[in-house]
Amino acid sequence: MPLLAVESLETRYGPLRAVDGVSLRIEAGETLALVGESGCGKSTLGKTILRLVPHSGGTVRFGGVDVARLRGRTLKPFRRRMQMVFQDPSASLNPRQTVGTILSAPLRVHGVHGRIERRRQVEAMADRVGLPVGGLVRYPHEFSGGQRQRIGIARALILRPELVVCDEPVSALDVSIQAQILNLLVDLKSDYNLSYLFISHDLGVVRYIADRIAVMYLGRIVENAPHHSLWSRPLHPYTQGLIRAVPGQGSPGRPNRVAPIAGDMPNPLDPPDGCRFHPRCALAADICRVNDPPLRAVLPGHDVACHFASA
Amino acid sequence: MPLEFPGREDPLLDVRDLFISFGDNAAVRGLDFTIRRGETLALVGESGCGKSATALSLLRLLPPAGRVAGGSIRFEDRDILRLPENEMRRLRGGAISMVFQEPMTSLNPVLPIGRQITEAIRSHERVSARAARARAIELLNLVRIPEAHRRIDDYPHTLSGGMRQRVMIAMAVACRPRLLIADEPTTALDVTIQAQVLELLDRLRQDLSMGLLLITHDLGLVADWADRVVVMYAGRKCEEAPVETLLRAPLHPYTSGLMACSPKLASGLHFRQGRLPEIGGSVASAADVAGCLFAPRCASARDACHAVRPDAKPAGSRDHLLACPVHAPADYAIACC
Ligand SMILES: Nc1ncnc2c1ncn2[C@@H]1O[C@H](COP(=O)(O)OP(=O)(O)OP(=O)(O)O)[C@@H](O)[C@H]1O
Ligand SMILES: Nc1ncnc2c1ncn2[C@@H]1O[C@H](COP(=O)(O)OP(=O)(O)O)[C@@H](O)[C@H]1O
Ligand code: SF4
Ligand code: SF4
Ligand SMILES: [Mg+2]
Ligand SMILES: [Mg+2]
């Protein structure tokens with residue numbers, strides 16, 4: 001049984017279907033990366049799974065239980081098992097609380113009793129994520145961006161969750177700090193046997209961190225594949241365009257200057273008929289303007305939503 | 001600087017020994033670089049290393065807290081730091097223009113985009129409202145805004161991020177600048193749109209034979225679009241070279257560290273096979289260092305590095321400058337003295 005199984009999930013903001021029929025699975029110990037352009041619904045999907053925004057259809061099974069239907073007391077134990085790390089560590093940390101208070105709050109909320117026990121756990125976690133000794137009595141703004149992200153990670157892990165949704169956890173960080181945080185996330189994953197839903201628009205980062213990659217476009221998953229299969233044989237024209245768009249793939253003296261995908265993402269309030277990618281797709285044919293291609297297995301474990309994808 | 005650098009003879013922009021400070025904080029500490037006509041120079045470095053401060057100083061647009069504390073900035077035959085303010089105003093948006101990272105902060109939300117472009121034109125040139133509007137449509141076509149004649153009366157918030165950035169570029173090149181400063185022009189954009197915007201900037205560079213100062217922290221973009229590169233760390237230049245040289249044979253440990261630690265599509269490294277190379281520590285450690293500012297993070301630092309602050313000098317060839325005696329080729333000491 002997968003740790004997480006999302007089925008036909010839908011999330012609306014008024015008339016907008018930000019997540020529009022998404023199905024995916026995450027196995028225990030697996031890292032699934034979610035990639036796609038800004039506004040395609042990645043964060044909304046992550047937050048819907050964690051019950052931070054309400055869904056309007058479909059199921060989210062965590063350890064076999066449909067958490068999308070739980071509320072109140074029955075939901076609480078699941079909240080503890082699923083946590084989130086945010087992109088902007090400064091915005092997600094209360095500036096008026098010390099790091100010690102920030103890290104012990106989840107313990108208090110989830111009934112870890114005894115000041116001394118909480119303190120012991122907070123100190124151990126702070127140490128584990130590489131925060132300086134004595135940092136617990138300081139405030140978030142006294143730390144650098146990288147250190148603040150360590151605080152955000154410690155806060156997410158203090159309850160020993162099984163699934164962590166990392167929403168662009170390194171996008172706001174400098175390259176040299178990115179590598180430190182990515183290595184930390186990898187170490188913590190094996191220490192605590194975590195599964196990650198790793199949201200990112202940086203395919204270089206995703207190539208390193210993901211076991212499986214789901215590509216999202218206008219609220220839908222258009223390709224979902226194990227990493228070796230995705231990088232060696234991306235099958236959806238959108239995925240292919242995203243990969244070609246990554247800068248720096250030429251060789252010295254032979255720069256790579258193609259603009260791979262034309263146009264912008266369409267208005268999500270009025271998605272195109274047929275295949276949602278057709279206005280930007282170089283391969284679009286008549287059928288693409290009419291029929292919406294379903295996500296189907298084209299290679300083992302490798303699903304694609306394109307009329308023309310073949311193995 | 002008694003040395004002769006290729007391109008130094010008649011550069012479009014010549015910045016020497018620039019110092020910028022914000023109160024006691026030295027943001028830029030002795031920076032030299034030049035830009036030639038029609039050339040793209042990339043200024044690379046992590047946040048806080050002084051890229052934006054440098055860019056703003058070229059237009060004398062530093063915020064009130066900041067000031068140029070030393071050095072010179074020469075644009076063509078003008079001494080920027082001594083130019084009367086009225087001449088400086090004419091230069092801004094005219095011969096020297098700038099594209100900012102966040103298009104929304106530099107577009108006026110309550111004016112249609114067309115008005116903003118025509119005002120930019122008419123503040124520099126005497127043209128009728130009608131002619132300016134026609135130019136604005138032409139410019140929007142140039143930056144490939146679809147149906148420009150219709151979109152010209154749209155407000156910025158109705159455009160996508162990529163379109164706003166293209167409108168910004170249209171405004172910036174409205175008066176055919178000879179130097180265009182692009183400060184992280186695509187950092188807020190998706191890679192798909194990023195490629196479109198850079199292609200546009202590069203086409204304009206060729207068509208108008210502008211010098212382009214491309215400020216970025218993305219070495220991939222540098223590889224694709226720059227002719228020459230200046231790598232900065234904590235307000236100083238650690239290395240400068242033609243892009244090909246830098247990519248093939250980076251010398252400074254900071255440059256090679258940056259290249260190694262950014263996860264790349266092509267490297268194929270996966271976390272189950274090994275760790276990413278890291279540069280330890282953070283730039284904060286450069287705050288009160290006597291010698292090489294990178295020494296607290298440098299794996300090859302030795303005693304001398306903590307005592308003497310190295311200047312960028314020719315290493316191997318005259319157009320490859322390096323501020324690190326430890327990683328320099330054999331002729332380094334000879335070339336420098
Ligand atoms: N609170 C909200 N109210 C209304 N619409 C929203 C809200 N949050 C997001 N949206 C819209 O839902 C869609 C998906 O947004 P979401 O933030 O999930 O995208 P994303 O893929 O995470 O983008 P990014 O890469 O920019 O973070 C977008 O069209 C967005 O404008
Ligand atoms: N308005 C300001 N007030 C005070 N300090 C500033 C201001 N702008 C920049 N600085 C400081 O100047 C240094 C260089 O900043 P900046 O040029 O913005 O770097 P970059 O663009 O490379 O990220 C940093 O130490 C930064 O904190
Ligand atoms: S279904 Fe058609 S339009 Fe959609 S991705 Fe495939 S070829 Fe392109
Ligand atoms: S001078 Fe010394 S500390 Fe500085 S980069 Fe070179 S080896 Fe490292
Ligand atoms: Mg998001
Ligand atoms: Mg900047």
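**Entry 1. Helix pair in chain B**

I began with helix α7 (residues 161-172) and helix α8 (residues 191-207) of chain B, whose axes lie 10 Å apart and meet at an angle of about 10°. That angle makes α7(B) roughly parallel to α8(B), because angles under 35 degrees count as such. I recorded the crossing of α7(B) and α8(B) as right-handed. I note here that the model is a predicted one.

**Entry 2. A residue after α8(B)**

I next looked up L208(B), which sits in the loop between α8 and β8 (211-216) of chain B. Is L208(B) buried, exposed or partly exposed? I found 15 other C-beta atoms within 10 Å of L208(B). The count lies between the limits of 12 or fewer for exposed and 20 or more for buried, so L208(B) is partly exposed. I also took the separation of L208(B) from E119(B): 89 residues in sequence, and 21 Å in space from C-alpha to C-alpha.

**Entry 3. Helix pair in chain A**

I turned to helix α3 (residues 99-109) and helix α4 (residues 115-128) of chain A, which pack with axes 9 Å apart at an angle of about 125°. That value makes α3(A) oblique to α4(A). The crossing of α3(A) and α4(A) is right-handed.

**Entry 4. The sheet of chain A**

I then traced an open sheet of eight strands in chain A, with mixed pairing and the order β6-β7-β8-β3-β9-β10-β12-β11. Which strands are at the edges? They are β6 (82-85) and β11 (296-299) of chain A, each of which pairs on one side only. On average, neighbouring strands of this sheet are turned by 25° against each other, with direction ignored.

**Entry 5. Strand β3(A)**

Within that sheet I examined strand β3 (residues 31-35) of chain A. Five of the five residues of β3(A) are buried, so the strand is largely enclosed by the rest of the structure. I checked the two faces of β3(A) separately: T31(A), A33(A) and V35(A) are buried on one side, and L32(A) and L34(A) are buried on the other.

I then listed the partners of β3(A). Strand β8 (residues 195-199) of chain A runs parallel to β3(A) and is joined to it by four bridges. In this pairing T31(A) stands opposite Y196(A) of β8(A). Strand β9 (residues 212-217) of chain A also pairs with β3(A) in the parallel sense, over four bridges. There V35(A) has V215(A) of β9(A) as its bridge partner.

**Entry 6. From β9(A) to the edge**

I followed the sheet onward from β9(A). How many bridges pair β9(A) with β10(A), and in which sense? I counted six bridges in the antiparallel sense. A214(A) has N224(A) in β10(A) as its bridge partner. The two strands β9(A) and β10(A) form a hairpin with two residues between them, and L218(A) in the turn has a positive phi of about 45°.

Strand β10 (residues 220-226) of chain A is mostly covered, with six of its seven residues buried. I found two bridges pairing β10(A) with β12(A), in the antiparallel sense. N224(A) appears again in this pairing, with D303(A) of β12(A) as its bridge partner.

The last step was from strand β12 (residues 302-304) of chain A to β11(A), where three bridges join the strands in the antiparallel sense. R296(A) stands opposite V304(A) of β12(A).

**Entry 7. Surroundings of ligand 3**

I listed the shell around ligand 3. Cysteines in it are C275(A), C281(A), C288(A) and C306(A), and histidines are H278(A) and H307(A). The shell also includes P237(A), F277(A), L283(A), A284(A), P293(A) and F308(A). By class I recorded 10 nonpolar and two polar residues around ligand 3, with no charged residues.

**Entry 8. Surroundings of ligand 2**

What comes nearest to ligand 2? Of the 14 residues around this ligand, F22(B), A27(B), K51(B), S52(B) and A53(B) come nearest. Two elements of chain B, β2 (25-35) and α1 (51-58), give two or more residues to the shell. The most come from α1(B), which gives three residues. I divided the shell around ligand 2 by class into six nonpolar, seven polar and one charged.

Note on methods: Residues are numbered from 1 along each chain as its sequence is written. Chains are lettered from A and ligands numbered from 1 in the order in which they are written. This is a predicted model: local features need pLDDT of at least 70, side-chain atom pairs count only at pLDDT 80 or more; totals for chains, interfaces and linings use all residues. Two strands pair if DSSP finds at least two bridges between them. A residue is near a molecule or strand if its C-beta atom, placed from the backbone, lies within 6 Å of it. Ala, Val, Leu, Ile, Met, Phe, Trp, Tyr, Cys and Pro count as nonpolar, Asp, Glu, Lys and Arg as charged, and the others, Gly among them, as polar. Axes are lines fitted to C-alpha atoms, for helices over the stretch in contact, and angles run from 0 to 180 degrees between N-to-C directions. Angles under 35 degrees count as roughly parallel, over 145 as roughly antiparallel, 65 to 115 as roughly perpendicular and the rest as oblique. A crossing is left-handed if the near helix is turned anticlockwise from the far one by less than a right angle, and right-handed if clockwise.
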